[in-house]
Amino acid sequence: LARMKAQFLEEARRNQVLPLDNRLSMERFLAASSQHRKADRYTYWGAGVSVPAVSAAPILNRSFTISAELDVPEQAQGVVLALGSRFGGWSFFVQDGTPVALVAASQLEGDQSRVVASGRLPAGKSVLSYQFVSDGGVNAGGEMRISVDGREIGRGRIARTISKLPEMTDTLDIGFDADTPVTAEYRDGGRFNGTLSRVDVNIDS
């Protein structure tokens with residue numbers, strides 16, 4: 001056993017995995033997330049992009065703005081951007097022409113917050129924006145604002161958010177919602193039925 005321990009430590013040092021962290025607390029996850037690439041703007045070009053959550057725009061536990069350049073038919077449908085799953089995640093989508101923002105704090109009934117715009121997307125080209133202003137703190141709620149071409153068409157309260165994703169395979173998706181969807185409100189992966197030429201994610205704080 002002593003030889004096995006010694007060999008393990010030798011391999012751990014050689015592969016630079018020390019120090020080991022066996023905590024299962026929020027501090028561990030926040031420490032790990034602090035090692036990710038730091039940027040205040042992320043740009044995704046076109047629909048069909050799927051990025052592992054660890055490499056994606058870090059929208060958890062902070063304020064952010066998502067701006068999407070669209071060209072849509074009369075009845076726009078589908079996901080603009082989704083992150084995570086129904087066990088914990090965000091989805092920004094269009095339902096029957098109306099923009100929606102939804103966060104699933106968990107899969108439990110009633111543990112989702114949904115903000116729906118009061119106006120519809122116009123047919124043709126536009127810029128759709130979702131701005132979340134966090135109250136600050138772990139799992140904090142905040143205010144969601146939805147705008148089209150700089151004009152606010154929706155505003156509402158997000159009760160609480162998430163600070164980490166529950167599944168290691170979670171992704172950030174543009175123009176669809178891969179694997180386990182964030183919500184059952186759309187079918188067939190929430191494929192966007194218009195053109196998504198560009199999506200910018202600005203991290204505010």
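1. Ser134 and Gly142 face one another across two strands, Gly142 belonging to β9. The strands concerned are β8, covering residues 124-134, and β9, covering residues 142-148, and they pair in the antiparallel sense over 7 bridges. The student should note from the outset that this is a predicted model.

2. The pairing of β8 with β9 is part of a wider arrangement. An open sheet is formed by 6 strands in the order β1-β12-β3-β8-β9-β10, with antiparallel pairing. At the edges stand β1 (41-44) and β10 (151-158), each of which pairs on one side only. From one strand to the next, the twist averages 15 degrees.

3. Strand β12 may be followed through its two partners. With β1, strand β12 (residues 195-203) pairs in the antiparallel sense over 4 bridges; here the bridge partner of Tyr42 is Val201 in β12. With β3, strand β12 pairs in the antiparallel sense over 8 bridges, and one example is Glu69, whose bridge partner in β12 is Arg198. As background for reading such strands, side chains in a regular strand alternate between the two faces of the sheet.

4. What surrounds Val201, leaving aside its neighbours within four places in sequence? With those neighbours set aside, Val201 is in contact with Asp40, Arg41, Tyr42, Tyr44, Ala57, Ile59, Thr65, Ile66 and Leu81. The bridge partner Tyr42 is thus among these contacts of Val201.

5. Val201 also has a place in the largest nonpolar core, which has 42 residues. The residues with the most contacts inside this core are Tyr44, Ile59, Trp90, Phe92, Leu128, Met144 and Val201. Strand β3 (residues 64-72) contributes the largest share of the core, namely 5 residues. Apart from this core lies another, of 8 residues, including Val79, Ala82, Phe93 and Leu102.

6. The aromatic residues deserve separate attention. The count of aromatic pairs comes to 7. In one of them, Phe64 and Trp90 are arranged edge-to-face, with 5.4 Å from centre to centre and 90 degrees between the planes. Phe64 lies in strand β3 and Trp90 in strand β5 (residues 88-95), so this pair ties together parts that are 26 residues apart in sequence. Both Phe64 and Trp90 are buried.

7. Phe64 takes part in a further aromatic pair, with Phe92; this pair is also edge-to-face, with 6.0 Å centre to centre and 85 degrees between the planes. The pair links distant parts of the chain, as Phe64 is in strand β3 and Phe92 in strand β5, 28 residues apart. Why does Phe64 count as buried? Phe64 counts as buried because its relative accessible area is 0%, and the limit for that class is under 20%. Phe92, at 0% relative accessibility, likewise counts as buried. Ring pairs join Phe64, Trp90, Phe92, Tyr130 and Phe132 into a cluster.

8. A second open sheet should be described alongside the one above. It has 6 strands in the order β2-β11-β4-β5-β6-β7, with antiparallel pairing. The edges are formed by β2 (49-52) and β7 (112-116); each has a single partner strand, so one side of each is left without a neighbour in the sheet. Neighbouring strands of this sheet are turned by 10 degrees against each other on average, direction ignored.

9. Within this second sheet, 7 bridges join β5 to strand β6 (residues 98-104), and the two run antiparallel. Phe93 has Val100 in β6 as its bridge partner. Phe93 was met above as one of the residues of the 8-residue core.

10. Ser85 is found in strand β4 (residues 78-85). Is Ser85 buried or exposed? Ser85 counts as buried because its relative accessibility is 0%. Leaving aside neighbours within four places in sequence, Ser85 is in contact with Ala104, Glu167, Asp170, Thr180, Pro181 and Val182.

11. Asp170, one of those contacts of Ser85, is found in the loop between β10 and β11 (171-174). At 6% relative accessibility, Asp170 counts as buried. Apart from neighbours within four places in sequence, Asp170 is in contact with Pro52, Ala53, Gly84, Ser85 and Leu165. Asp170 and Gly78 are 92 residues apart in sequence, and their C-alpha atoms are 19 Å apart in space.

12. A final point concerns a charge and a ring. The charged end of Arg191 sits over the ring of Phe176, at 4.4 Å from the centre of that ring.

Methods:
Residues are numbered from 1 along each chain as its sequence is written. This is a predicted model: local features need pLDDT of at least 70, side-chain atom pairs count only at pLDDT 80 or more; totals for chains, interfaces and linings use all residues. Side-chain values use heavy atoms; hydrogens and water are left out. A nonpolar core is a set of buried Ala, Val, Leu, Ile, Met, Phe, Trp, Tyr and Cys residues joined through side-chain atoms within 4.5 Å. Buried means under 20% relative accessible area, exposed over 50%, partly exposed in between (1.4 Å probe, protein chains only). Contact means heavy atoms within 4.5 Å. Two strands pair if DSSP finds at least two bridges between them. Axes are lines fitted to C-alpha atoms, for helices over the stretch in contact, and angles run from 0 to 180 degrees between N-to-C directions. Rings of Phe, Tyr and Trp (its six-membered ring) pair if their centres lie within 6.5 Å; planes under 30 degrees apart count as stacked, over 60 as edge-to-face and the rest as tilted. A charge sits over a ring if NZ of Lys or CZ of Arg is within 6 Å of the ring centre and within 35 degrees of the ring normal.
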